Amino acid sequence: AATFLNIETGEAIRIVARESARELADQKHPEIRNKKHRQITTYREATNDELFSTSVVKVILSEMDLPGHPRSRVICRECGEGINDGRELDTVDHGPVCQSCAFGAYYQTESTMNVAPRTGR
């Protein structure tokens, strides 16, 4: 799914690929044995309405979410990385922290990895 917003007018639409499009390929072209080719053939022939659902939506953005240069930047007290546009978590007593330091990161640095020693074989 994807949401498209015209930031000048505030108009937005959301486009979602229909799960039923895969079944549509099986229905329209059962004679094509290769699943990938069956889907590609069907997707070329199908209408937009058969492949996607679209909705007019309202997107609420703050000034900090708009594209362009960061409007604010603070430094995380834990890792020292910069945090842009109000995405920091404020700890009243100790200063701002980033989301990764507060909740855990999706990555590990070499210094934080638990690497099992290699065994000689």
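Which residue's side chain does that of Arg22 meet in a salt bridge? The partner is Glu19, and the side chains come to 3.5 Å, N to O, where a salt bridge is a side-chain nitrogen of Lys or Arg within 4 Å of a carboxyl oxygen of Asp or Glu. The model is predicted, with local features needing pLDDT of at least 70 and side-chain atom pairs counting only at pLDDT 80 or more, whereas totals for chains, interfaces and linings use all residues. Residues are numbered from 1 along each chain as its sequence is written, and side-chain values use heavy atoms, with hydrogens and water left out.

## Salt bridges

The structure holds six salt bridges, and the table lists some of them, including the one between Arg22 and Glu19.

| Pair | N to O distance |
|---|---|
| Arg22 and Glu19 | 3.5 Å |
| Asp26 and Arg38 | 2.8 Å |
| Glu63 and Arg71 | 3.8 Å |

Burial is stated here by relative accessible area (buried under 20%, exposed over 50%, partly exposed in between, with a 1.4 Å probe and protein chains only). On that scale Glu19 is exposed, with a relative accessible area of 61%, and its partner Arg22 is partly exposed at 48%. In the bridge between Asp26 and Arg38, the chain is linked across distant parts, since Asp26 belongs to helix H1 and Arg38 to helix H2, twelve residues apart. Asp26 is partly exposed at 41% relative accessibility, while Arg38, at 12%, counts as buried. For the remaining pair in the table, Glu63 is exposed at 54% relative accessibility and Arg71 is partly exposed at 34%.

## Helices H1 and H2

Helices (H or I, at least four residues) and strands (E, at least two) are DSSP runs, numbered from the N terminus. The buried residues of H1 are Ala21, Leu24 and Ala25. They cover an arc of only 105° around the axis, which puts them on the same side of H1; the arc is that of the directions from the helix axis to the C-beta atoms. These buried residues of H1 pack against H2 and helix H3 (48–51), contact being defined as heavy atoms within 4.5 Å.

In helix H2, which spans residues 35–45, the buried residues are Arg38, Gln39 and Thr42. Seen down the axis of H2, they fall within an arc of 95°, so they line one face of the helix. An α-helix has 3.6 residues a turn, so residues three or four places apart point the same way. On the other side of H2, Lys36 and Arg44 are exposed, and helix H1 (20–28) is included in what covers the buried residues of H2.

## Strand S3 and the loops

Phe52 lies in strand S3 and is partly exposed, at 32% relative accessibility. Not counting residues up to four places away in sequence, Phe52 touches Ile15, Val16, Ala17 and Arg18. The C-alpha atoms of Phe52 and Ala17 are separated by 4.5 Å, although the two are 35 residues apart along the chain.

Gly68 is found in the loop between strand S3 (52–57) and strand S4 (73–75), and with 63% relative accessibility it counts as exposed. The C-alpha atoms of Gly68 and Phe4 are separated by 17 Å, with their positions 64 residues apart along the chain as the stated spacing. Asp85, in the loop between strand S5 (82–84) and strand S6 (89–91), has a phi near 55°, a positive value in a residue other than glycine. Asp85 is buried, with a relative accessible area of 10%.

## Nonpolar patch and aromatic pair

Leu5, Ile7, Leu61 and Leu66 form a nonpolar patch on the surface, with about 300 Å² of accessible area together. Patches are made of residues with over 30% relative accessible area and no salt bridge, like charges being joined within 9 Å and nonpolar side chains (Val, Leu, Ile, Met, Phe, Trp, Tyr) within 5 Å, and accessible areas come from the Shrake-Rupley method with a 1.4 Å probe, only the protein chains shown counting as cover for residues. Within this patch, Ile7 lies in the loop between strand S1 (2–5) and strand S2 (12–17) and is exposed, at 53% relative accessibility.

A search of the whole structure finds one aromatic pair. The rings of Tyr106 and Tyr107 have centres 5.1 Å apart and planes at 80°, so the pair is edge-to-face. Rings of Phe, Tyr and Trp (its six-membered ring) pair if their centres lie within 6.5 Å, and planes under 30 degrees apart count as stacked, over 60 as edge-to-face and the rest as tilted. Tyr106 is exposed at 80% relative accessibility, whereas Tyr107 is partly exposed, with a relative accessible area of 36%.
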